Amino acid sequence: MLEQLFNSPNFNYLPRGMTAATMRQEVISHNIANVNTPNYRKSAVEFEDILAKEIYGEDTGDKLQMVRTNDAHLPAEHLPIHATPTMVQDNTTIMREDNNNVDIDIEMATLLKNQLYFNALANQMRGHVTKLRNVITSNT
């Protein structure tokens, strides 16, 4: 029973999103630290597009179909999500004559956006855990 509570879609994608946001925070910090390093190429974290492709399919736009291997299994809304964040290097642009492509203004805006993203995911996770705790500890 407890396993079913923690295998819900919220406990599947929220921690992965938080992991991606943490990784993105580290990558952005590394980019900012190297803003004046000659020949440095900025990096970014890809996760949301990978997750969307896994959920909706590559090009078809179709959602993944649920598969039950035993009639005794409870139906679930989603298959487990296995998308993981990936760090990629941006070699497409050159911002300055020293071949560095870090734009500090873009990095700072991305840092703020990532912080808001992480906080939203953390609030969702906290709400889900609170609901579970309330159900488990209710005295009705």
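The legends below describe close-up views of a predicted model, with attention to salt bridges and to the loop between β2 and α4.

**View 1. A salt bridge joins the side chains of Glu48 and Arg24.** Side chains of opposite charge can pair when their charged atoms come close. In this view the side chains of Glu48 and Arg24 meet with 2.9 Å from N to O. Glu48 belongs to helix α3, which covers residues 48-56, while Arg24 belongs to helix α2, which covers residues 10-33, so the salt bridge ties together parts that are 24 residues apart in sequence. Glu48 is partly exposed, with a relative accessible area of 31%, whereas Arg24, with a value of 12%, is buried. The count for the model comes to 3 salt bridges, and the other views include Asp90 with Lys42 and Arg96 with Asp98.

**View 2. Asp90 and Lys42 form a salt bridge between two loops.** The closest N and O atoms of Asp90 and Lys42 are 3.9 Å apart, which falls inside the cut-off of 4 Å for a salt bridge. Asp90 sits in the loop between β2 (86-89) and α4 (104-137), and Lys42 sits in the loop between α2 and β1 (43-46), so that distant parts of the chain, 48 residues apart, are linked by this pair. Lys42 is buried, its relative accessible area being 15%.

**View 3. Asn101 makes polar contacts with the backbone of Lys42 and of Asp90.** Asn101 is placed in the loop between β2 and α4, and at 0% relative accessibility this residue counts as buried. A polar atom of the Asn101 side chain lies 2.7 Å from the backbone nitrogen of Lys42, and the side chain of Asn101 also reaches the backbone oxygen of Asp90 at 2.7 Å. Leaving aside residues up to four places away in sequence, Asn101 touches Tyr40, Arg41, Lys42, Asp90, Thr93, Ile94 and Met95.

**View 4. Met95 lies in the loop between β2 and α4.** With a relative accessible area of 44%, Met95 is partly exposed. Residues up to four places away in sequence are again set aside, and Met95 then touches Asn100, Asn101, Val102 and Asp103. Met95 and Arg41 are 54 residues apart in sequence, and their C-alpha atoms are 9.9 Å apart in space.

**View 5. Arg96 and Asp98 meet in a salt bridge.** The side chains of Arg96 and Asp98 come together at 3.0 Å, N to O. Arg96 counts as partly exposed at 28% relative accessibility, and Asp98 is likewise partly exposed, with a relative accessible area of 25%.

Technical notes: Residues numbered from 1 in each chain as written. Predicted model: local features only at pLDDT ≥ 70, side-chain atom pairs only at ≥ 80, totals over all residues. Heavy atoms only, no water. Helix = DSSP H or I, 4+ residues; strand = E, 2+ residues; numbered from the N terminus. Buried < 20%, exposed > 50% of the residue type's maximum accessible area, 1.4 Å probe, protein only. Contact = heavy atoms within 4.5 Å. Polar contact = N/O pair within 3.5 Å; in protein donor to acceptor, adjacent residues only side chain to side chain.
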